[in-house]
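Work through the exercises below with the sequence and the model side by side. Try each task before reading its solution.

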Amino acid sequence: MQDRILTHLFGDLIRDLGQPAMLWQVVALIGALALAWGLAGYVRKRLDAYRRARNAAVRFGADGLNKALFPFLGWLIVGGTGLVLGQAMKTPLLELARVPLFGIALIYVALYLMRRVFSRDGHLHGLAYLVEKIVTVLVWAGMALTVMGIQDEVLHWMASVQFRVATAHVSLLSLCNGLLWVMIALIGALWAGRALDERLLRANSLDANLQVVLSRIGRASLILAAVLVSLSIVGIDITVLGVFGGALGVGLGFGLQKIASNYVSGFIILLDRSLRLGDTICVGGLQGRVTQIRTRYTVVRGLDGVETLVPNEKLITDIVQNQSSFLTRGWTKVSVQVAYGTDVDLAMRVLVQATQGVERVLQDPAPCPYLAGFGADGINLELGFWIAEAALGTTSVRSAVNYNIWAGFNAHGIRVPSAQHEVRILNAAAVKSAPAAIEPMPVATVEAGKPA
């Protein structure tokens with residue numbers, strides 16, 4: 001085995017040491033790597049400029065793809081150089097250099113895909129991190145076997161290790177080949193699903209609920225297609241899945257009835273747009289804002305900040321109060337009374353100024369003051385204005401406006417009247433002329449300790 005390893009790749013390399021052919025190979029390798037380095041830098045700048053115009057989800061994890069540019073371009077350019085020089089001489093050095101270049105590029109591309117598919121912050125955790133390490137070790141092992149030239153012997157040994165699975169004969173090579181294709185297909189499907197999500201999020205013309213529906217259906221379809229294609233490539237007859245599909249349907253009809261109902265209800269909610277993200281709803285005594293609409297449940301964040309998972313079936317069958325309007329703004333007013341003799345124009349200007357600087361009070365449309373009527377104690381004024389995000393409540397906003405009105409009235413000397421009552425005594429002249437007619441009643445006094 002050792003003699004074969006030396007004659008496979010290192011034999012020609014050792015033989016060419018000190019020969020002009022080796023010098024030509026060294027110069028060609030250095031030139032090819034330098035060209036690959038410059039070309040990778042140019043492509044990296046163009047990709048960075050493209051990513052800066054996109055969202056953060058496209059940018060994170062791109063470091064691995066940038067690192068893969070140099071070894072991948074180096075592998076291509078060194079391969080092309082080897083083809084040109086191979087017309088005149090053997091190129092064992094270039095062949096040897098292509099192995100680690102391709103392996104390192106493959107590792108970086110795999111790490112990029114793993115982070116794009118399984119991570120939301122650019123870092124892998126748990127099982128995904130373990131899979132990343134396994135992929136790295138397998139690629140390095142494959143490079144080592146290729147350099148030593150014993151990959152054919154290893155593959156032959158794996159094909160010779162056979163065992164039975166039910167009525168089928170399966171070899172270790174076919175099993176590994178099947179797992180590899182399934183993993184590649186699933187990762188490709190998940191990556192395509194993530195790209196579809198990002199594309200839908202950038203489509204401002206689509207409704208938010210429709211974006212979620214298309215994203216879920218697209219991702220599920222891609223995963224199903226990936227599984228079917230990978231099983232067909234491995235050689236598994238996918239017609240046997242019909243029996244499994246029938247059993248799954250029976251299970252959904254009996255044991256998984258509630259779960260299936262929740263999934264169907266989730267798609268109904270998303271399609272009929274009865275609820276939207278950000279709506280404030282009240283269902284079953286729970287009041288809060290809709291933060292997520294998942295396939296099985298909806299997340300409602302209560303006024304105390306606690307999130308509750310509400311099954312989608314409950315949102316379909318129960319009475320749901322949606323307290324959010326389509327425009328998310330609401331009209332409200334405050335009332336105040338000023339004393340007779342007040343400059344009404346000044347009082348109205350003070351009312352409008354009271355809305356300035358108050359959070360969520362819209363200035364377009366502008367607040368409008370009204371002379372509502374004449375009361376028994378003063379002039380009734382009203383101030384109407386629009387509030388943004390009215391579903392969050394209007395009490396605090398009206399309180400702030402009322403406080404500003406009170407401060408403005410005090411600054412301009414405008415008085416808010418208190419209730420006044422006039423008491424008129426009829427026949428006052430007759431009462432004055434006959435004071436003796438009203439005599440006080442005699443009062444009996446009783447000393448202490450004596451009976452009355």
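The exercises that follow concern a predicted model and go from the whole chain to single residues.

**Exercise 1. The whole chain**

Task: State how many helices and strands the protein chain has, and what share of its residues is buried.

Solution: Start with the secondary structure: the protein chain holds 15 helices and ten strands. Next, take burial: 30% of the 452 residues count as buried. The accessible surface is about 28,600 Å², and carbon and sulfur atoms contribute 65% of that area. Finally, look at contacts with a separation of 6 or more: 65% of them are between residues 24 or more positions apart.

**Exercise 2. Annotated spans**

Task: Find which residues the UniProt annotation "transmembrane region" covers, then describe the spans 22–43 and 170–192.

Solution: According to the unreviewed UniProt entry, the annotation covers residues 22–43, 64–85, 97–114, 126–150, 170–192 and 222–244. In the model, residues 22–43 are 100% helix and 0% strand, with 31 Å between the end C-alpha atoms. Residues 170–192 are 91% helix and 9% strand, and their end C-alpha atoms are 31 Å apart.

**Exercise 3. Two helices**

Task: How do helix 7 and helix 8 lie relative to each other, and which residues meet?

Solution: Two packed helices are described by the angle and the distance between their axes. Helix 7 spans residues 151–160 and helix 8 spans residues 172–201; their axes come within 5 Å and cross at roughly 105 degrees. Angles of 65 to 115 degrees count as roughly perpendicular, so helix 7 and helix 8 are roughly perpendicular to each other. On the helix 7 side, the residues that meet helix 8 are Leu155, Trp157, Met158 and Ala159. Their counterparts in helix 8 are Leu172, Leu173 and Cys176.

**Exercise 4. An open sheet**

Task: Give the strand order of the five-stranded open sheet and explain why strand 6 and strand 7 each have one side without a neighbour.

Solution: The order is 6-5-4-3-7, and the pairing is antiparallel. Strand 6 (307–311) and strand 7 (320–322) are at the edges with a single partner strand each, so one side of each has no neighbour in the sheet. On average, neighbouring strands of this sheet are turned by 40 degrees against each other, direction ignored. For one pair in detail, take strand 5 (residues 297–302), which is antiparallel to strand 6 and joined to strand 6 by five bridges. Within this pair, Arg301 stands opposite Glu307.

**Exercise 5. A hairpin and its loop**

Task: Describe how strand 9 and strand 10 are joined, and find what Gly375 touches.

Solution: Strand 9 (residues 368–374) and strand 10 (residues 379–388) run antiparallel and share six bridges. The hairpin connection between strand 9 and strand 10 has four residues. Phe374 stands opposite Ile379 of strand 10. Gly375 is in the loop between strand 9 and strand 10. Leaving out residues up to four places away in sequence, Gly375 touches Gln337, Tyr340 and Asn380. The C-alpha atom of Gly375 is 9.7 Å from that of Val338, which is 37 residues away along the chain.

**Exercise 6. A loop residue**

Task: Is Thr355 buried or exposed, and what is in contact with Thr355?

Solution: Locate Thr355 in the loop between helix 13 (344–353) and strand 9. Buried means under 20% relative accessible area. The value for Thr355 is 0%, so Thr355 is buried. Apart from neighbours within four places in sequence, its contacts are Val361, Gln363, Pro367, Leu383, Phe385 and Val401.

Key. Residues numbered from 1 in each chain as written. Predicted model: local features only at pLDDT ≥ 70, side-chain atom pairs only at ≥ 80, totals over all residues. Heavy atoms only, no water. Pairing = 2+ DSSP bridges. Axes fitted to C-alpha atoms, helices over the stretch in contact; angles between N-to-C directions. UniProt positions renumbered as here; feature names shortened; annotations may be inferred. Buried < 20%, exposed > 50% of the residue type's maximum accessible area, 1.4 Å probe, protein only. Contact = heavy atoms within 4.5 Å. Areas by Shrake-Rupley, 256 points an atom, 1.4 Å probe, with all protein chains shown as cover. Parallel < 35°, antiparallel > 145°, perpendicular 65-115°, else oblique.
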